[in-house]
Amino acid sequence: MKVKTRKLEKTYRRQRSVQSEKVWRAQFKNQRELFQRKFMDHWSHAIDESQGDSKVLWSKLRMLLQPEPITTSRLTADDYARYFESKIDRIRASTAAAPPPTIVDRQVDEQLSDFQPVTVDEVMSVLKRSPAKQCQLDPAPTWLIKRASDVIAPVIARMCNASFEQAKLPGCSKKAIVRPLLKKPTLDPDDLASYRPISNLSFVSKVVEKVVDTRLTKHATKHQLLPVYQSAYRPHHSTETAIVSILNDIIMICAVDQGQVGAQMLLDLSAAFDTVDHHILMAVLQRRCGVQGKALEWLGDFLRTFVCLSVRHTPVLCLAERKQDREMYTI
């Protein structure tokens, strides 16, 4: 359509006749209407595909209603790497004198010693439910993998089972492209404190993560290992259930109908996930959650990871070359 429009435009500019101008403008109008239909069809299809998944639906709506602002900054990849690294160092230094946590052993009826083998049907289901996001580390586009899932699924299932059997995650799956994103559009783009690191993982590594997450969640749910009031990282729970629970407590406990006043305190931890101590986490998994054997070994290898830092219009900086065992990011 665009090629045809350009040809008619060239014809008009060469002939400068009323008829050629009329034909060109009619073609341009058809092109604009086609683009509008394509735009509507694209977003209608994207919204229809996200039915049943509110998280994906809201991300699509945000992209449609609030396009990502274009920001320019003089900061380089080295600047971001030094800042994120020093931030974690400062937090660790400020908490170095704190006493170690007390981990109370809990008896679990059934230990999780091995991850259940992955089936082809399970991988097919994961591929079907996965969003079509892509990473620069992917050798093939995500839409192609999803479309060829009947051919790719057996390969991915075999890769997962080999990883579980060897209790090791392949090195290629431990890499991530980390991009600094502004926390709020109104913040100063030249201030390093205005950014947070977002890891973009390869598609296959995310499939493996979802498979492991399914097994860990099943084990935790079966033995009631999660706190009763935890609304994050568990099925059928979200911020909505947390808000409903809090509102119910305010109404019931504070007796607002009788004119009483209730107050709420919120605690925000700086770089909470980035500063998770891997040794403490492994001890909790073993002593509190009943994770043993190859399952524990696989999770330990999964935590000992490294990342690559990439910034738009700047070279890629690999942090692993400087600190192989850096626990800066928990991927």
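Contact, as the word is used here, means heavy atoms within 4.5 Å. The structure is a predicted model, in which local features need pLDDT of at least 70 and side-chain atom pairs count only at pLDDT 80 or more, while totals for chains, interfaces and linings use all residues. Residues are numbered from 1 along each chain as its sequence is written, and side-chain values use heavy atoms, with hydrogens and water left out.

A good place to begin is the packing of the helices; helices (H or I, at least four residues) and strands (E, at least two) are DSSP runs numbered from the N terminus. Two packed helices are described by the angle between their axes and the distance between the axes. The axes are lines fitted to C-alpha atoms, for helices over the stretch in contact, and the angles run from 0 to 180 degrees between N-to-C directions. Helix 5 packs against helix 8 at an angle of about 115°, with the two axes 10 Å apart. In this pair, Glu122, Val126 and Leu127 of helix 5 meet Phe203, Val207, Lys210, Val211 and Arg215 of helix 8. Helix 5 passes helix 8 in a right-handed crossing, a term that applies if the near helix is turned clockwise from the far one by less than a right angle, whereas anticlockwise is left-handed.

Helix 8 also packs with helix 7, here at an angle of about 60° and with the axes 11 Å apart. Helix 7 and helix 8 are therefore oblique to each other, on a scale where angles under 35 degrees count as roughly parallel, over 145 as roughly antiparallel, 65 to 115 as roughly perpendicular and the rest as oblique. Helix 7 contributes Ile156, Met159, Cys160 and Phe164 to this meeting, and helix 8 contributes Val204, Val207, Val208, Val211, Val212 and Arg215. The crossing in which helix 7 passes helix 8 is right-handed.

Further along the chain, the axes of helix 10 and helix 11 come within 11 Å and cross at roughly 160°. That angle makes helix 10 roughly antiparallel to helix 11. The contact is made by His278, Leu281, Met282, Leu285 and Gln286 of helix 10 together with Leu296, Leu299, Gly300 and Leu303 of helix 11, and the crossing of helix 10 and helix 11 is right-handed.

These helices can now be followed into the interior. A nonpolar core is a set of buried Ala, Val, Leu, Ile, Met, Phe, Trp, Tyr and Cys residues joined through side-chain atoms within 4.5 Å, where buried means under 20% relative accessible area, exposed over 50%, and partly exposed in between (1.4 Å probe, protein chains only). The largest such core has 31 residues, of which Phe115, Leu127, Phe164, Val291 and Trp298 touch the most other members. The elements that give two or more residues to this core are helix 5 (120–129), helix 7 (149–166), helix 8 (203–222), helix 10 (278–287) and helix 11 (293–303). A second, separate core of seven residues includes Leu75, Tyr83, Leu182 and Tyr195.

Two members of the largest core deserve a separate look. Phenylalanine 115 lies in the loop between helix 4 (77–94) and helix 5, and phenylalanine 115 is buried, with a relative accessible area of 8%. Leaving aside neighbours within four places in sequence, phenylalanine 115 is in contact with Phe164, Val212, Arg215, Leu216, Ala295, Trp298 and Leu299. With residues up to four places away in sequence again not counted, tryptophan 298 touches Phe115, Ser163, Phe164, Ala167, Lys168, Leu169, Val208 and Val212. One of these partners, alanine 167, has its place in the loop between helix 7 and strand 1. Alanine 167 has a positive phi of about 55° although it is not a glycine, and at 9% relative accessibility alanine 167 counts as buried.

Strand 1 (residues 176–182) is mostly covered, since six of its seven residues are buried. Strand 1 and strand 2 (residues 195–201) run antiparallel and are joined by seven bridges, where two strands pair if DSSP finds at least two bridges between them. The bridge partner of alanine 176 in strand 2 is leucine 201.

Towards the start of the chain, arginine 16 is found in the loop between helix 1 (2–15) and helix 2. Arginine 16 is exposed, with a relative accessible area of 53%. In helix 2 (residues 18–49), by comparison, lies glutamine 31, which is buried, with a relative accessible area of 10%.
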